[in-house]
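Subject: The structure, plus notes

Hi,

Here is the structure I promised to pass on. Have a look at it first, and then read my notes underneath.

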Amino acid sequence: MADYHFVYKDVEGASTQWDDIQRKLGNLPEKPPAFKPAPFTPAPDGDSIPKDKAWIDEKNEDELEELEDDLDDDRFLEEYRKKRLAEMKETVKIAKFGSVVPISGSDFVREVSQAPPEVWVVVLLYKDGYQECGVLLRCLEELATKYPATKFVKIISTDCIPNYPDRNLPTLLVYNNSAVKANYVGLRSFGRRCTPESVALVLCQSDPVLNDGQNGSDTSSQAVMDGVRRRILERVVKDHEERGDGYSSD
């Protein structure tokens, strides 16, 4: 015999007026909240993920080759290549010196006074045949290689200042933004024993004269002096070890 019973099911979450009254009287439990589906979030599209250096670094050789077949990825790689070239050019632009350049009197304004405001220029006034000039020049040559973003030049004293007294040689002039920031007369300005480190310490006492072009976040004179002091300590330790080795071999 067929079952003719029919069970009526209302829309989920619907309620009758009678049920509402019973709930107010406490005879029925509270109506459960209506079902609400979670908001739709599309799955991430690999092509829409921002592509940066880290994204490239994660690719293996085969995956990088596949990028050549995709126009969008080719466009990104081209933009990335341009960006890296710009960064490399900026690095070269910053570190563009690296040696003590000889100049003449006619070069002084162009090479020193008209140097860009962000460039510090160290000028050595010297004459050939003076031992103390040679000592300071060797120190500056070493500093020039360590701090290639600082400009080092040398000029014969009387070509720079007519009748400049030889007793004041060697002399260092420090320029920045078309102005003389400091001058040091004689080798004794750099301590009892003139070394690249002692010269660096004197130059950076009050201004960040020396710049290696690498510490863009901190080019303060204190940062330079901390690095110089570290190199002094390393040199002392090295000299001590070398003397120790010599004694042990006797």
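Below is what turned up, going from one helix to the charged pairs, the rings, the cysteines and a couple of long-range neighbours. Please keep in mind that this is a predicted model.

**Helix α6**

I'd start with α6, as several other things come back to it. The helix has 16 residues, and its first and last C-alpha atoms are 24 Å apart, close to the 22 Å expected at 1.5 Å a residue. Which residues of α6 are buried? They are Cys133, Leu136, Leu137, Cys139, Leu140, Leu143 and Ala144. These residues sit on the same side of α6, because the arc they cover around the axis is only 165°. What do they pack against? Their partners are the strands β1 (100-102), β2, β3 and β4, together with the helix α8. Turn to the other side of α6 and you find Gln131, Arg138 and Thr145 exposed.

The helix also holds a charged pair of its own. Glutamate 142 and lysine 146 form a salt bridge through their side chains, at 3.1 Å from N to O. Both are in α6, four residues apart, which is about one turn of the helix. Glutamate 142 is partly exposed at 26% relative accessibility, and lysine 146 is also partly exposed, at 31%.

**The other salt bridges**

How many salt bridges are there in the whole structure? The search finds five. As a reminder, side chains of opposite charge can pair when their charged atoms come close.

One of the five joins glutamate 111 to lysine 151, with the closest N and O atoms 2.7 Å apart. Glutamate 111 belongs to helix α5 (residues 108-113) and lysine 151 to strand β3 (residues 151-156), so this pair ties together parts that are 40 residues apart in sequence. Are the two partners buried or exposed? Lysine 151 counts as buried because its relative accessibility is 12%, under the 20% cut-off. Glutamate 111, at 21%, is partly exposed. There is a bit more to this corner: salt bridges that share partners join Asp107, Arg110, Glu111 and Lys151 into one network.

Lysine 127 and aspartate 166 make another salt bridge, at 3.0 Å from N to O. This pair links distant parts of the chain, 39 residues apart: lysine 127 is in the loop between β2 (120-126) and α6 (131-146), and aspartate 166 is in the loop between α7 (157-160) and β4 (171-176). Both partners are partly exposed, lysine 127 with a relative accessible area of 21% and aspartate 166 with 29%.

**Aromatic rings**

The search also gives two aromatic pairs. In one, phenylalanine 108 and tyrosine 175 have ring centres 5.6 Å apart and planes at 75°, so the pair is edge-to-face. Phenylalanine 108 is in helix α5 and tyrosine 175 in strand β4, so here too the contact ties together parts of the chain, this time 67 residues apart in sequence. Phenylalanine 108 and tyrosine 175 are both buried.

In the other pair, the ring centres of tyrosine 184 and phenylalanine 190 are 5.8 Å apart with the planes at 50°, so the pair counts as tilted. Tyrosine 184 and phenylalanine 190 are buried as well.

**Cysteines**

If you were wondering how many disulfides there are, the search finds zero. Cysteine 133 is buried, at 2% relative accessibility, and cysteine 204 is buried too, with a relative accessible area of 0%.

**Two long-range neighbours**

Finally, two loop residues to click on. Tyrosine 130 is in the loop between β2 and α6, and is partly exposed with a relative accessible area of 35%. Its C-alpha is 8.4 Å from that of proline 170, although the two are 40 residues apart in sequence.

Asparagine 211 is in the loop between α8 (196-203) and α9 (221-249). This asparagine is partly exposed, at 22%. The C-alpha atoms of asparagine 211 and tryptophan 120 are separated by 8.4 Å, with their positions 91 residues apart along the chain.

Cheers

Methods. Residues are numbered from 1 along each chain as its sequence is written. This is a predicted model: local features need pLDDT of at least 70, side-chain atom pairs count only at pLDDT 80 or more; totals for chains, interfaces and linings use all residues. Side-chain values use heavy atoms; hydrogens and water are left out. Buried means under 20% relative accessible area, exposed over 50%, partly exposed in between (1.4 Å probe, protein chains only). A salt bridge is a side-chain nitrogen of Lys or Arg within 4 Å of a carboxyl oxygen of Asp or Glu. A disulfide is a pair of cysteine sulfur atoms within 2.5 Å. Rings of Phe, Tyr and Trp (its six-membered ring) pair if their centres lie within 6.5 Å; planes under 30 degrees apart count as stacked, over 60 as edge-to-face and the rest as tilted. The expected span of a helix is 1.5 Å times one less than its number of residues. The arc is that of the directions from the helix axis to the C-beta atoms. Contact means heavy atoms within 4.5 Å.
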